Amino acid sequence: MHGEYKVPGGKLVVVDVEAEDGVLRHVRVAGDFFLEPDEALDAVNRALEGAPADTDAAGLAARIDAALPEDTVMYGLTSEGVGIAVRRALAHATDWTDYDWQLIHEAPQSPALHMALDEVLTAEVAAGRRPPTLRVWEWGSPAVIIGSFQSLRNEVDAGAAERLGVEVVRRISGGGAMFVEPGNTITYSLSVPEALVQGLSFQDSYAYLDDWVLGALGDMGIRAWYQPLNDIATDQGKIAGAAQKRIVGHDGRPGAVLHHVTMSYDIDAGKMLEVLRIGREKLSDKGIRSAKKRVDPLRRQTGLPREAVIERMIASFGARYGLTRGKVTDEELARARELAGTKFSGPAWTARVP
């Protein structure tokens, strides 16, 4: 069995292993990481040899840490990263390059239709009727998007939203509220087969699916990192938030994962504060007093037009994994429009947590 895992901000770890009589055998760890002394690699392999095959990544990491020479230096490698690679091998996880990725980047859509497209396209990936997809959104109007489990009245000032022409929608994923405006926000979705994140914990899957965009930002001169559980941050502030939803497969098929990210290119902090009820506790847990400092726009950090940032992100993804331009099919769009007009525009869903 073969497993690969790129340590967030680090290097690729590759593990070949067999499971015999419930234990790990013939373990071989490799990769483009740096490790000193040379004997440390043998220590890693010996630590994993004979381990119970159901040991989780943390348990495998503990075995490695206990076996490493005292003077071991790792660069681009972590013990937990090796453990995750082992779990991915045992779970028969796939890799990004195993798929033919499709790009969807179409004209601006309404907020409700964007919510519906996420659900429909990810369900199509789960059903095997659509390849793994990167969808870059264009917003047709300002919106507040609240998480699946958030209280509508606690998060949104309905009167201010109506007065400012801001549509309020609820997405199918968890997490916090986001304020978006056309031209000020970069939003994308990844709809991927469940096999891509097999062997990863829920938290590790966020880091794994965000890694490509960290590289894209790095190419634009921004040193960004994943900040658990679902933020992308720089030394000048948070620039993005991610959320996920797992779609269950049917008829014995594995499911799919929706991973979507909203990045702030620019922001009208005053309008955001009018519409969102950002409490003192949420601000204080970041160690700051002003919401304006909570989200740092990409415009200032890149010096690039929004369209150029998007183009560079798409090019970076394509260079890593390959990417073919596609579109939403007529059938997918019809289903999404139906959901947008019923589920995502109706109070039964939007106010399901009042």
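This is a short tour of a predicted model, stop by stop, for use with a viewer.

**The whole chain**

Start with everything shown as a cartoon. The protein has 13 helices and 16 strands. Its radius of gyration is 22 Å, close to the 20 Å that the globule rule gives for 354 residues, so the protein is as compact as a globular protein of that length. Switch to the C-alpha trace and turn it along its principal axes: the spans are about 65 × 50 × 35 Å. Colour by accessibility next. Of the 354 residues, 53% are buried. Then think about contacts. Among those with a separation of 6 or more, 71% are between residues 24 or more positions apart.

**Stop 1: α2 and α3**

Select residues 57-67, which form helix α2. Add residues 79-90 for α3. The two helices pack at an angle of about 130 degrees, and their axes lie 8 Å apart. That angle makes α2 and α3 oblique to each other. Their crossing is right-handed. Now show side chains. From α2, the contact uses A57, L60, A61, I64 and D65. From α3, it uses S79, E80, V82, G83, I84, V86 and R87. Sorted by class, this contact of α2 with α3 has seven nonpolar, two polar and three charged residues.

**Stop 2: H92**

Move on from α3 into the loop that leads to β6 (102-105), and pick H92. Which sign does phi take at H92? Phi is positive, about 60 degrees, although H92 is not a glycine. For context, most residues other than glycine have a negative phi. Is H92 buried or exposed? H92 is exposed, with a relative accessible area of 57%.

**Stop 3: D21**

Go back towards the N terminus. Select the loop between β2 (12-20) and β3 (23-31), where D21 lies. D21 has a positive phi too, about 55 degrees, and is not a glycine. Its relative accessible area is 82%, so D21 is exposed.

**Stop 4: two cis peptide bonds**

Most peptide bonds are trans. Here are two that are not. Zoom in on E36 and P37. A cis peptide bond joins them, with omega about -5 degrees. P37 sits in the loop between β4 (34-36) and α1 (39-48).

Now jump to P228 and L229. The bond from P228 to L229 is cis, and omega is near 0 degrees. L229 belongs to the loop between β12 (224-227) and β13 (231-234).

**Stop 5: α4 and α12**

Select residues 111-126 for helix α4 and residues 330-341 for helix α12. How do the two axes cross? They come within 8 Å and cross at roughly 130 degrees. The pair is therefore oblique. α4 passes α12 in a right-handed crossing. Turn on the side chains again. α4 contributes A112, L113, A116, L117, E119, V120, L121 and E124. α12 contributes E332, L333, R335, A336, R337, L339 and A340. By class, the contact of α4 with α12 has ten nonpolar, no polar and five charged residues.

**Stop 6: D251 and A127**

Select D251, in the loop between β14 (237-247) and β15 (256-264). Its relative accessibility is 81%, so D251 counts as exposed. Now add A127 and draw a distance between the C-alpha atoms. How far apart are D251 and A127 in sequence and in space? They are 124 residues apart in sequence and 9.1 Å apart in space, C-alpha to C-alpha.

**Stop 7: α7 and α11**

Finish with one more helix pair. Select residues 202-219, helix α7, and residues 306-321, helix α11. Their axes are 9 Å apart and the packing angle is about 120 degrees. α7 and α11 are therefore oblique to each other. Their crossing is right-handed. On the α7 side, look for D211, W212, V213, G215, A216 and D219. They meet M313, S316, F317, R320 and Y321 in α11. By class, the contact of α7 with α11 has six nonpolar, two polar and three charged residues.

Key: Residues are numbered from 1 along each chain as its sequence is written. This is a predicted model: local features need pLDDT of at least 70, side-chain atom pairs count only at pLDDT 80 or more; totals for chains, interfaces and linings use all residues. Side-chain values use heavy atoms; hydrogens and water are left out. Axes are lines fitted to C-alpha atoms, for helices over the stretch in contact, and angles run from 0 to 180 degrees between N-to-C directions. Helices (H or I, at least four residues) and strands (E, at least two) are DSSP runs, numbered from the N terminus. Angles under 35 degrees count as roughly parallel, over 145 as roughly antiparallel, 65 to 115 as roughly perpendicular and the rest as oblique. A crossing is left-handed if the near helix is turned anticlockwise from the far one by less than a right angle, and right-handed if clockwise. Contact means heavy atoms within 4.5 Å. Ala, Val, Leu, Ile, Met, Phe, Trp, Tyr, Cys and Pro count as nonpolar, Asp, Glu, Lys and Arg as charged, and the others, Gly among them, as polar. The radius of gyration is taken over C-alpha atoms; the globule rule is 2.2 Å times the number of residues to the power 0.38. Buried means under 20% relative accessible area, exposed over 50%, partly exposed in between (1.4 Å probe, protein chains only).
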